[in-house]
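Please look over the sequence and the model shown here before reading on. The report that follows moves from one part of the chain to the next and explains each term where it is needed.

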Amino acid sequence: ALPLRRIAEPKQGHSHARNAAVAAARGSLLVWTDDDVLVGPDWLSAYVRAAAAHPAAGYFGGPIRPWFPHTPPGWVTRHLHRIGHSWALLDHGPECRRLRPDEAVFGANTAFRTSVVRRYPYNPTLGRVKDKLTSGDDSEVVARAAADGEFGVWVPDAPVDHYIPPARLTLGYL
(Lines give C-alpha, C1' and ligand atoms only; values in the text may rest on other atoms or scores of the structure.)
Protein backbone atom coordinates (compact mmCIF):
# COMPACT_ATOMS: atom_id res chain seq x y z
CA ALA A 1 0.00 0.00 0.00
CA LEU A 2 2.83 2.40 -0.76
CA PRO A 3 1.69 5.66 -2.38
CA LEU A 4 3.85 5.20 -5.48
CA ARG A 5 3.53 7.46 -8.48
CA ARG A 6 5.51 7.80 -11.64
CA ILE A 7 7.55 10.96 -12.23
CA ALA A 8 8.74 11.68 -15.77
CA GLU A 9 11.95 13.66 -16.28
CA PRO A 10 12.77 14.53 -19.90
CA LYS A 11 16.44 15.37 -19.23
CA GLN A 12 18.62 12.27 -19.30
CA GLY A 13 20.75 11.41 -16.34
CA HIS A 14 20.71 9.99 -12.87
CA SER A 15 20.96 13.38 -11.17
CA HIS A 16 18.17 14.94 -13.21
CA ALA A 17 15.92 11.99 -12.31
CA ARG A 18 16.75 12.25 -8.62
CA ASN A 19 16.17 16.01 -8.58
CA ALA A 20 12.77 15.49 -10.21
CA ALA A 21 11.88 12.96 -7.52
CA VAL A 22 13.03 15.34 -4.78
CA ALA A 23 10.91 18.16 -6.21
CA ALA A 24 7.83 15.90 -6.34
CA ALA A 25 8.36 14.26 -2.93
CA ARG A 26 5.63 14.64 -0.35
CA GLY A 27 7.21 12.76 2.53
CA SER A 28 9.91 13.69 4.98
CA LEU A 29 12.27 10.82 4.08
CA LEU A 30 13.51 9.85 0.61
CA VAL A 31 14.90 6.33 0.32
CA TRP A 32 17.05 5.53 -2.71
CA THR A 33 18.02 2.28 -4.35
CA ASP A 34 18.95 1.05 -7.82
CA ASP A 35 17.21 -1.16 -10.32
CA ASP A 36 19.86 -3.87 -9.96
CA VAL A 37 19.46 -4.57 -6.24
CA LEU A 38 17.26 -6.81 -4.15
CA VAL A 39 15.92 -5.36 -0.92
CA GLY A 40 14.73 -7.36 2.04
CA PRO A 41 11.18 -7.32 3.41
CA ASP A 42 12.14 -5.04 6.32
CA TRP A 43 14.27 -2.62 4.29
CA LEU A 44 11.97 0.42 4.35
CA SER A 45 10.96 -0.19 7.96
CA ALA A 46 14.61 -0.20 9.01
CA TYR A 47 15.08 3.27 7.53
CA VAL A 48 11.89 4.58 9.11
CA ARG A 49 13.03 3.26 12.52
CA ALA A 50 16.50 4.78 12.10
CA ALA A 51 15.06 8.15 11.08
CA ALA A 52 12.78 8.16 14.13
CA ALA A 53 15.60 7.11 16.47
CA HIS A 54 18.01 9.74 15.07
CA PRO A 55 15.91 12.86 14.39
CA ALA A 56 18.96 15.12 13.99
CA ALA A 57 20.54 12.96 11.26
CA GLY A 58 20.30 14.29 7.71
CA TYR A 59 21.08 11.10 5.83
CA PHE A 60 21.35 7.35 6.30
CA GLY A 61 23.11 4.46 4.61
CA GLY A 62 22.94 0.71 4.71
CA PRO A 63 25.01 -2.30 3.66
CA ILE A 64 25.40 -3.15 0.00
CA ARG A 65 26.31 -6.80 -0.40
CA PRO A 66 27.48 -8.52 -3.60
CA TRP A 67 25.03 -10.60 -5.62
CA PHE A 68 27.04 -12.63 -8.11
CA PRO A 69 25.11 -14.66 -10.74
CA HIS A 70 27.76 -17.38 -10.39
CA THR A 71 30.90 -17.96 -8.40
CA PRO A 72 33.24 -15.03 -9.11
CA PRO A 73 36.87 -15.52 -10.09
CA GLY A 74 39.16 -16.30 -7.17
CA TRP A 75 40.96 -12.98 -7.44
CA VAL A 76 37.65 -11.16 -6.91
CA THR A 77 36.90 -13.12 -3.75
CA ARG A 78 40.43 -12.69 -2.39
CA HIS A 79 40.47 -8.92 -2.95
CA LEU A 80 36.81 -8.02 -2.45
CA HIS A 81 37.65 -5.91 0.62
CA ARG A 82 39.92 -3.76 -1.61
CA ILE A 83 37.92 -3.58 -4.84
CA GLY A 84 34.32 -3.81 -3.62
CA HIS A 85 33.87 -0.05 -3.89
CA SER A 86 34.12 -0.47 -7.68
CA TRP A 87 30.75 -2.21 -7.49
CA ALA A 88 29.39 0.11 -4.77
CA LEU A 89 29.69 -2.58 -2.09
CA LEU A 90 29.65 -1.24 1.43
CA ASP A 91 29.71 -2.51 5.01
CA HIS A 92 30.42 -0.31 8.02
CA GLY A 93 29.65 -3.04 10.55
CA PRO A 94 26.76 -4.42 12.60
CA GLU A 95 26.05 -1.41 14.85
CA CYS A 96 23.52 1.35 14.14
CA ARG A 97 25.56 4.47 14.81
CA ARG A 98 26.57 7.90 13.64
CA LEU A 99 28.80 7.71 10.58
CA ARG A 100 32.31 9.07 10.80
CA PRO A 101 33.19 11.83 8.30
CA ASP A 102 35.40 9.41 6.34
CA GLU A 103 32.65 6.78 5.97
CA ALA A 104 30.79 6.84 2.67
CA VAL A 105 27.25 5.92 1.77
CA PHE A 106 26.26 4.91 -1.76
CA GLY A 107 23.11 5.73 -3.69
CA ALA A 108 22.13 2.08 -4.12
CA ASN A 109 21.14 2.10 -0.44
CA THR A 110 20.65 5.52 1.11
CA ALA A 111 17.99 7.71 2.61
CA PHE A 112 17.89 11.46 3.03
CA ARG A 113 15.62 13.73 4.91
CA THR A 114 13.74 15.50 2.15
CA SER A 115 14.58 18.88 3.64
CA VAL A 116 18.31 18.10 3.43
CA VAL A 117 18.35 16.89 -0.16
CA ARG A 118 16.26 19.90 -1.22
CA ARG A 119 18.99 22.17 0.16
CA TYR A 120 21.69 20.15 -1.62
CA PRO A 121 20.36 19.06 -5.03
CA TYR A 122 22.15 16.47 -7.12
CA ASN A 123 24.73 17.90 -9.51
CA PRO A 124 23.65 17.05 -13.10
CA THR A 125 27.28 17.00 -14.27
CA LEU A 126 27.76 13.96 -12.03
CA GLY A 127 25.96 10.64 -12.04
CA ARG A 128 25.12 8.20 -14.75
CA VAL A 129 23.91 9.27 -18.16
CA LYS A 130 23.14 6.53 -20.74
CA ASP A 131 26.20 4.25 -20.83
CA LYS A 132 28.50 6.72 -19.04
CA LEU A 133 29.22 5.09 -15.68
CA THR A 134 30.32 8.26 -13.90
CA SER A 135 29.22 8.29 -10.30
CA GLY A 136 29.82 10.54 -7.31
CA ASP A 137 26.49 12.36 -7.39
CA ASP A 138 25.43 10.88 -4.05
CA SER A 139 28.78 11.39 -2.33
CA GLU A 140 28.91 14.99 -3.54
CA VAL A 141 25.52 15.70 -1.91
CA VAL A 142 26.72 14.08 1.32
CA ALA A 143 29.95 16.11 1.23
CA ARG A 144 28.12 19.42 0.82
CA ALA A 145 25.61 18.54 3.54
CA ALA A 146 28.36 17.38 5.92
CA ALA A 147 30.32 20.58 5.32
CA ASP A 148 27.29 22.44 6.68
CA GLY A 149 27.04 20.22 9.77
CA GLU A 150 24.69 17.47 8.64
CA PHE A 151 25.62 13.94 9.66
CA GLY A 152 24.66 10.45 8.68
CA VAL A 153 23.65 7.27 10.46
CA TRP A 154 24.63 3.73 9.51
CA VAL A 155 21.60 1.40 9.30
CA PRO A 156 22.98 -2.16 9.32
CA ASP A 157 19.55 -3.81 9.33
CA ALA A 158 18.69 -2.29 5.91
CA PRO A 159 20.93 -4.33 3.59
CA VAL A 160 20.54 -4.71 -0.15
CA ASP A 161 22.10 -7.24 -2.52
CA HIS A 162 23.70 -5.56 -5.54
CA TYR A 163 23.80 -7.55 -8.78
CA ILE A 164 27.28 -7.75 -10.27
CA PRO A 165 27.03 -9.01 -13.88
CA PRO A 166 29.84 -11.15 -15.33
CA ALA A 167 30.97 -8.29 -17.62
CA ARG A 168 31.91 -6.30 -14.50
CA LEU A 169 34.00 -9.11 -13.04
CA THR A 170 37.00 -8.27 -15.17
CA LEU A 171 40.20 -6.32 -14.69
CA GLY A 172 39.18 -4.23 -17.69
CA TYR A 173 36.03 -3.08 -15.92
CA LEU A 174 37.96 -2.23 -12.77
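Which residue stands opposite T33 in β6? The residue opposite T33 there is N109. This is a predicted model, in which local features need pLDDT of at least 70 and side-chain atom pairs count only at pLDDT 80 or more, while totals for chains, interfaces and linings use all residues. Residues are numbered from 1 along each chain as its sequence is written, and side-chain values use heavy atoms, with hydrogens and water left out.

## The sheet

Helices (H or I, at least four residues) and strands (E, at least two) are DSSP runs, numbered from the N terminus. Two strands are said to pair if DSSP finds at least two bridges between them. On this basis, 5 strands make an open sheet in the order β1-β6-β3-β7-β5, and their pairing is mixed. The edge strands are β1 and β5 (97-98), each of which pairs on one side only.

Strands β1 and β6 run antiparallel and are joined by 5 bridges, whereas β3 and β6, also antiparallel, pair over 3 bridges. The table lists residues together with the residues they face in β6.

| Residue | Residue opposite or bridge partner in β6 |
|---|---|
| L30 | F112 |
| W32 | T110 |
| T33 | N109 |
| Y59 | F112 |

A residue is called buried under 20% relative accessible area, exposed over 50%, and partly exposed in between (1.4 Å probe, protein chains only). In β1 the side chains alternate, with L30 and W32 pointing to one face and buried, while L29, V31 and T33 point to the other face and are not buried. In β6, by contrast, 5 of its 5 residues are buried, and both faces are covered, with N109, A111 and R113 on one side and T110 and F112 on the other.

## Two helices

Helix α2 spans residues 43-53, and its buried residues are W43, A46, Y47, A50 and A51. Seen down the axis of α2, these residues fall within an arc of 130°, so they line one face of the helix; the arc is that of the directions from the helix axis to the C-beta atoms. The face turned away from the buried side of α2 carries the exposed residues V48, A52 and A53. Contact here means heavy atoms within 4.5 Å, and what covers the buried residues of α2 includes β1 (29-33), β2 (37-39), β3 (59-61), β6 (109-113) and β8 (160-163).

In helix α5, the buried residues are D137, D138, V141, V142 and A145. They cover an arc of only 140° around the axis, which puts them on the same side of α5. These buried residues of α5 pack against α1 (14-24), β3, β6 and α4 (114-119). E140 also lies in helix α5, and E140 touches N123 and L126, not counting residues up to four places away in sequence. The C-alpha atoms of E140 and Y122 are separated by 7.8 Å, although the two residues are 18 residues apart along the chain. Just after α5, G149 takes a positive phi of about 100°.

## A pocket

Rolling a probe the size of a water molecule over the atoms shows where empty space is left. On a 1 Å grid over the protein atoms alone, a pocket is an open set of points where a 1.4 Å probe fits, with protein on both sides within 12 Å along at least five of seven lines, and lining residues have an atom within 4 Å of a point. The second largest pocket holds about 200 Å³ of space, a volume being the space filled by probe spheres set on the grid points, which are joined across faces, edges and corners. It is lined by 15 residues, of which Y59, R100, P101, V142 and A146 are the closest to its centre.

Helix α5 (residues 137-147) gives the most to this lining, with 4 residues. The lining divides into 9 nonpolar, 2 polar and 4 charged residues, where Ala, Val, Leu, Ile, Met, Phe, Trp, Tyr, Cys and Pro count as nonpolar, Asp, Glu, Lys and Arg as charged, and the others, Gly among them, as polar.

## Two loop residues

A88 lies in the loop between α3 (74-83) and β5, and A88 has a positive phi of about 60° although it is not a glycine. H70 is found in the loop between β4 (64-67) and α3, and at 43% relative accessibility H70 counts as partly exposed. H70 and L90 are 20 residues apart in sequence and 20 Å apart in space, C-alpha to C-alpha.
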